[in-house]
Amino acid sequence: MNHLDKISDHFNRREFLRKSGMGLGAFALGAMLNPTSGFSASPQVSGGVLGAPHFAPKAKRVIYLFQSGGPSQFETFDHKPLLEKMNGEELPDSVRKGQRLTGMSAGQSSLPLAGSQFTFSQYGNSGAPVSELMPYTAEVVDDLCFIRSLHTEAINHDPAITFFQTGSQQAGRPSIGSWLSYGLGSDNENLPAFIVLVSKNAGGQPLYARLWGNAFLPSTHQGVQFRSGKDPVLFLNDPNGFHHQDRAQMLDYLHQLNELQYEAYGDPEILNRIAQYEMAFRMQTSVPEVTDMRDEPDWVFDMYGPDARDPGTYAANCLLARRLIERDVKFVQLYHQGWDQHGNLPGGIKHQCKNTDQASAALVKDLKQRGLLEDTLVVWGGEFGRTNYSQGKLTKDNYGRDHHPRCFTVWMAGGGVKSGFSYGETDEFGYNIVKDPVHVHDFQATLLHLMGIDHERLTFKHQGRRFRLTDVHGHIVKDILA
């Protein structure tokens, strides 16, 4: 049989399947009307490459609240009274130890120490120090695990954010969410395993879609960005005059063409394309349902703050993240820009904290009261910290801080980490780590571990090399595990 005969025979077989009601459109429509039909009763709706976690996971899902720009640890969670006492004095050479500076402050003739203008108090049974800028977070410190000794190799935003999200400072590696989707699969047939939310109108350093990209992993594992407004996912809704049955029929024929192409070329990305079309069809129903918050009571909106009713704000996205993980979305990534205060830090960080503090704490409270915090890991943090000296002129009521990769603070909650716990310590100047350093790869290895994955065993062979999220590094921070 020649190639044309094979194609003709294939069309005849596909025509029979279509007329028998077994085409993609009929299958997808049936799945929408009866979500359990055509699938195994197993809770793992779409299994990942691992088949099952390497070991029993402490967390089933992750919400990562990424604070883009580098929040200052000195005005939030790492209190350094010595800086207030030595305010205006030069950073000692014995503390700096010749460490590199960015081009923005390397030319300064003076590096004056800058103490925080905001007061700190200790909260909870743990006695964790928290700035007056974070009153709502202060209420939940006994649910949080602070890591005060995180450090990175990158000193500028793009490579630093890329490093945190992909394990490499250079673009072209899969993101954390993509690795989790690839390894563990999905627990919901009607929503992506990996969803991204970006605060609207936040400004600051740009964000790129590659930060939630799949890179060389199959494209079904890329993050799907939900936007505010009438169309949360672009090109998902049917255009005017185009009926849902038309979309089903179109997808049916497109499925046939893609299968022909796959038989001809054997490219696995063709099968991924088919799966993505099928998912998009089901999302026409699931996305409007999850983003319609009219069923949320007033007290929930009040808990998240006044912005919670405004789609696309940080508060609204935190609430939406809770709704997504309730529907078994595995990894929800929030990005909030605007933490890059090289100048006018007191005013800038006060604004940022006002926009994020209440909603971040509300998310932890909300998950806890619903019994979801125990197996949901929440992460809050940026790509690096800020310097203990002022970038630019230090005045009585104003200063700025440059990038500082040597040490900074993040917090985690739920999902198998200790609560009311602080790990790591910086020196009294807040410039160097003096106890229990945690590298970015250690952080990534620990996150995967909490999800039941051995970070050394989740790999993908690409261009002759086996890649992993942690490259050839990373150690689990066992002391923070509950």
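This report looks at one helix pair and at the cysteines of a predicted model.

## How α6 and α13 pack

Let's start with the two helices. Two packed helices are described by the angle between their axes and the distance between the axes. Here the partners are helix α6, covering residues 157-166, and helix α13, covering residues 440-450. Their axes lie 9 Å apart and make an angle of about 30°. Because angles under 35 degrees count as roughly parallel, α6 is roughly parallel to α13. The crossing of the two helices is right-handed.

Which residues bring α6 and α13 together? On the α6 side they are F163, F164 and T166, and these meet V440, H441, F443 and Q444 in α13. By character, the residues of this contact divide into 4 nonpolar and 3 polar, with no charged ones.

## Cysteines and disulfides

Now for the sulfur atoms. A disulfide is a covalent bond between the sulfur atoms of two cysteines. With a cut-off of 2.5 Å between cysteine sulfur atoms, the count for this model comes to 0 disulfides.

Why does C353 form no such bond? The closest cysteine sulfur to that of C353 belongs to C318 and is 14 Å away, so it is too far for a bond. C353 is also buried, because its relative accessibility is 1%, and buried means under 20%.

C407 can be read in a similar way. The cysteine sulfur closest to that of C407 sits in C145, at 17 Å, which is too far for a bond. C407 has a relative accessible area of 1%, so C407 counts as buried.

Technical notes
Residues numbered from 1 in each chain as written. Predicted model: local features only at pLDDT ≥ 70, side-chain atom pairs only at ≥ 80, totals over all residues. Heavy atoms only, no water. Axes fitted to C-alpha atoms, helices over the stretch in contact; angles between N-to-C directions. Helix = DSSP H or I, 4+ residues; strand = E, 2+ residues; numbered from the N terminus. Parallel < 35°, antiparallel > 145°, perpendicular 65-115°, else oblique. Left-handed = near helix turned anticlockwise from the far one by under 90°. Contact = heavy atoms within 4.5 Å. Nonpolar A, V, L, I, M, F, W, Y, C, P; charged D, E, K, R; others polar. Buried < 20%, exposed > 50% of the residue type's maximum accessible area, 1.4 Å probe, protein only.
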